[in-house]
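Subject: Structure handover

Hi,

Here is the structure I promised to pass on. My notes on its interfaces follow below.

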There are 2 protein chains.
Amino acid sequence: MVLSNCAHFDRETPSSELSEIMTSADSYCLKYFPIEGLGQTSRDILAAGGAKWENLFPENWATEKDQTPFGCMPLLYINKNGKEVVISESAAIDFYLAKQFGMLGSNQYEEALIGAFYTSTSSVMITFVSQVTWNQSEAKKASLETFKERSFKYWVKAHERHLIDNGSNGHYVGNELTLADIRTTAFFNHLSHQPEGPELMEIVKAAPALWKVMETVNNHPKLAKYRASEDYKTLVENTIGFYKDPFAAVAAMAAK
Amino acid sequence: MVLSNCAHFDRETPSSELSEIMTSADSYCLKYFPIEGLGQTSRDILAAGGAKWENLFPENWATEKDQTPFGCMPLLYINKNGKEVVISESAAIDFYLAKQFGMLGSNQYEEALIGAFYTSTSSVMITFVSQVTWNQSEAKKASLETFKERSFKYWVKAHERHLIDNGSNGHYVGNELTLADIRTTAFFNHLSHQPEGPELMEIVKAAPALWKVMETVNNHPKLAKYRASEDYKTLVENTIGFYKDPFAAVAAMAAK
């Protein structure tokens, strides 16, 4: 597939036509680095939703960066009958896909709850990524302790409470798979593949309702099949390799 | 107003009833610290939308923190005929309010664009807040330079390009006020009231299409009236005072 330069959003085609492609798409391509990270929630929605989709990976990110709307990935290419729409920013992509595949609840209140859980989880993941993953090596140990004792413990406590309120049934809202369940599970899978994974997942283990969300999502028939695929296994291997020394991994990528 | 303990979301009332209150609300209360920060986008939507609304401020945040869904604000209290729904997390609140007041575009494509601009702006603001505002004083100068030269310059360049694509008309999408316009303007107003404001706003000044968004939003008739109100002026004064020394301001708040 030839990747189009999408530094510019499509402003030529009437937005109603682009919208029609988005609501009745026949296939999708998700472009992101070949790791889990910020692309995995979208991938998991596509897999759980039984979509026709494939991964795209940058061949030379240094030059491709300037051909994206904001200099970042993921990007989602939405296709219908050979026509294409490109959207950007992981949250915008995740919410669009969740809506497409019926994972945003059944009314405005449920959508607001799902949006709140999603945002809360994304925030704590950003905190981890900025304070631990990308911190200077000499600051990492203290930052990890602070993250564990403050942000993460508080997040676990709050989410566990809300899950108990929903009957500890493996879902955040009602009895259905939603974006909130998938987002939290993608976060846990990401954490599990970090050097700091074991000690952080110990904290999650002590919160049975949270643990059950992860098990429920990972055992969803379509997702269990996806997790067993070579595609996903490669992403996991890459994730583990990348985060052993993320600064070196980025330097290697830039030198390519 | 007596504030309810909302550590728990309402799971008793049928969600369809809560949803009905949300879609036909008659008034709103936004609870947040008495500064602009992460509460201002919601306040600006409420003001621009001509809603009946008021601010709530914590009286003793140390005790009230545990009475919120995630230990953070803003919270939005949505009222109809004496009934109340509480939602949490700034992004979830902003998107709900934007939908209520017709600021999410006219179709799925426009909504995805608005969501992407919103998220891109929130991300660069979080980068500023974590790398500059809350960084150790000895690291601030170097971090500010990095923020200016990398994240912020790239963000400005990308957004300016997308605004030119829309005709440099003071709006991100079409010819109407949307959440994207309000989010970017709230970010600029926040920046303007930081110690680092002058040099950062110089960079924005060199991007006329971005500057025009801010002028268009701030001159919107309902928002111009709100900006001139004592309520807003006090928020601005508090914001300037708080960010002169944010660590000291937080310590003072905790000691209350």
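How many salt bridges are there between chain A and chain B? The count is zero. Please keep in mind that this is a predicted model.

**Chain A against chain B**

Polar contacts are another matter. Between chain A and chain B, 27 residue pairs are in polar contact, both residues at pLDDT 80 or more. The side of chain A that touches chain B does hold charged residues, 11 of them. The rest of that side divides into 21 nonpolar and 17 polar residues.

Now the extent of the interface. Contact involves 49 residues of chain A and 49 residues of chain B. The two chains bury about 4000 Å² between them. Carbon and sulfur atoms give 58% of that area. Three residues stand out: A:Arg11, A:Gln108 and A:Tyr109 supply 21% of the area that chain A buries against chain B. No other three residues supply more.

Which elements of chain A each bring at least two residues to the side that touches chain B? There are helix H1 (15–23), strand S4 (83–88), helix H4 (90–100), helix H5 (108–133) and helix H6 (137–165). H5(A) gives the largest share of that side, with 13 residues.

**Inside chain A**

The domain assignment splits chain A into domain 1 (15–101) and domain 2 (108–219). Their C-alpha centres lie 24 Å apart. Domain 1 of chain A puts 13 residues into the contact, and domain 2 of chain A puts in 11.

What area is buried between domain 1 and domain 2 of chain A? The figure is about 960 Å², and carbon and sulfur atoms give 69% of it. On the domain 1 side, A:Glu36, A:Thr41 and A:Phe95 lose the most area to domain 2 of chain A. Together they account for 47% of what that side buries.

The rule finds zero salt bridges across this domain interface. Two residue pairs are in polar contact between domain 1 and domain 2 of chain A, both residues at pLDDT 80 or more. Helix H2 (40–48) and H4 of chain A each supply at least two residues of the domain 1 side that touches domain 2. By class, that side has six nonpolar, four polar and three charged residues.

**One element to look at**

H4 of chain A appears in both lists. It supplies at least two residues of the side of chain A that touches chain B. It also supplies at least two residues of the side of domain 1 that touches domain 2 of chain A.

Best wishes

Methods: Residues numbered from 1 in each chain as written. Chains lettered and ligands numbered in written order. Predicted model: local features only at pLDDT ≥ 70, side-chain atom pairs only at ≥ 80, totals over all residues. Heavy atoms only, no water. Contact = heavy atoms within 4.5 Å. Buried area = accessible area lost by both parts, 1.4 Å probe. Salt bridge = Lys/Arg side-chain N within 4 Å of Asp/Glu carboxyl O. Polar contact = N/O pair within 3.5 Å; in protein donor to acceptor, adjacent residues only side chain to side chain. Helix = DSSP H or I, 4+ residues; strand = E, 2+ residues; numbered from the N terminus. Nonpolar A, V, L, I, M, F, W, Y, C, P; charged D, E, K, R; others polar. Domains from an automatic or database assignment.
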